[in-house]
Amino acid sequence: MAVLVLVVVTMLPERRSTVASSYQNPSGPNDNSFLILRRGRKFGRIGKLKLSHFFFFFVSLFFFSCIFSGHKLLFHGSEFLPHSERNNDHLKTHLFTSSELDIGLNSSHIQKPPGSKKRNKHLPCEVPLAESVDHILEPHEYLDSKPFSLGFIETETCDKPRFGGHQTLEERERSYSAINQTIHCGFVKGANGLHQGSGFDLSEKDRAYMKNCVVSVSSCIFGSSDFLRRPATKKISEFSKQNVCFVMFVDEQTLSKLASEGHVPDKQGFVGLWKTVVVSHLPYNDMRKTGKVPKFLSHRLFPSSRYSIWIDSKMRLTTDPMLIIDFFLWRTKSEFAISNHYDRHCVWDEVVQNKRLNKYNHTAIDEQFMFYRSDGLKKFNPSDPNPSLPSYVPEGSFIVRAHTPMSNLFSCLWFNEVDRFTSRDQLSFAYTYLKLQRLNPDRPLRLNMFKDCERRALTKLFHHRVDSSPPSPPA
């Protein structure tokens, strides 16, 4: 190819010189000049024709070379396919610390990188709420359950007190029995009531306010991780505004950040409907784990409350809370209501997703998962005609509770699992519920696991302000 190009390039100057010579000899006869000029034009046309042929020849040659090189690339790709499969196997072994896990996951969950799966659009659905709070009435003894007394450990004699206490495995096992007992449920102080190692301290004024709440709606923002989402005032009835406590737990850092954004509490501590309650001495370095305290332990924070609603700070409440309690608890005769996850239903899949997105330390997730499997946790079976739960994975951003002994026990047990293991409460929900039901067949927890689309109909979802880095496992 290089030789042909050189020939064309060397031919062109000769033809140009011939034509040029005809113009440089004006003294010669006119006929000869005319013949030379005609001959030069003829040779020029021939040269242009040959040049165009060469041009199309090279273009065709380049085109065919691209086609053949493309096929080679495809063939090379197929040759390396087994190697990519070996890489996937290597990835699987690193996702789980032991081959004994044998979780039987679908490899597609691991092979697909983030964002490769087309997101489904999850929409709200119709929720037939009562027209107004004037049309609802609390049923008389609607649960018809067997009551029992539940106490909580307040102090421990330890060198290093912990908010969750130092629960032994034997104490943990006994705590799953629905009997008269005293269990660990957070707020554990050291000897002589020392606050060292305990935390989640509130002012006496805020404690007095919360003690008088009969119905509570609560949320929290720690570490300035979110914006303040005020409840839709026009959707809240005057009855709820007067009789429901709306409490937002914050730390000093968040309070300062919200104030800089225009959310300055009044003299009573209110920002709209939210009563801001400042928490000092946060019990965990992991802000997610600290957020589980108001999420699970509303019966401890609001000791006189009969009902509570938890709403994540990334959501805005757009429905009257009394209508929510009527729909999810009173009509269904339930004492604990939570929605199923919008995408996943098996803990096996939730484990993979948490590790793929680096939601928590992988080793800590493995330890928790192996512990649950050794204690009888099975895969979710969607074909089971009588499942224990509609889903083994909840969407825990919205919880409606009646503060009954069984509901309080379940909440304490779920919190203790988060305190002992990871802050990813979706990993421990099914295990805690199934174990509690298995050990108390005559006193079941009346759980209402509703559709996620109903949750979306009652709230408006936003994104978090920041996505903090995954925390390290507890020491």
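This dialogue works through salt bridges in a predicted model.

User: What makes side chains of opposite charge pair?

Analyst: Side chains of opposite charge can pair when their charged atoms come close. The working cut-off is a Lys or Arg side-chain nitrogen within 4 Å of an Asp or Glu carboxyl oxygen.

User: How many salt bridges does the count come to by this rule?

Analyst: The count is 16 salt bridges. Take Glu138 and Arg306, whose side chains meet at 2.7 Å, N to O. Glu138 sits in the loop between helix 4 (108-111) and strand 1 (150-152), and Arg306 in the loop between helix 10 (298-301) and strand 7 (307-311), so the pair ties together parts 168 residues apart in sequence.

User: Are Glu138 and Arg306 buried or exposed?

Analyst: Neither label fits. Glu138 is partly exposed, at 29% relative accessible area. Arg306 is partly exposed too, at 46%.

User: Where do Lys241 and Glu238 lie?

Analyst: Both are in helix 7 (residues 238-243), three residues apart, about one turn of the helix. Their side chains form a salt bridge at 3.5 Å, N to O. Lys241 is partly exposed, with 26% relative accessibility. Glu238 counts as exposed, at 53%.

User: Which residues do salt bridges with shared partners join into one network?

Analyst: Glu173, Asp375 and Lys435.

User: And Asp226 with Arg229: buried or exposed?

Analyst: Asp226 is buried, and Arg229 is buried as well. Their side chains meet in a salt bridge at 3.9 Å, N to O. That value is within the 4 Å cut-off, so the pair qualifies.

Methods: Residues are numbered from 1 along each chain as its sequence is written. This is a predicted model: local features need pLDDT of at least 70, side-chain atom pairs count only at pLDDT 80 or more; totals for chains, interfaces and linings use all residues. Side-chain values use heavy atoms; hydrogens and water are left out. Helices (H or I, at least four residues) and strands (E, at least two) are DSSP runs, numbered from the N terminus. Buried means under 20% relative accessible area, exposed over 50%, partly exposed in between (1.4 Å probe, protein chains only).
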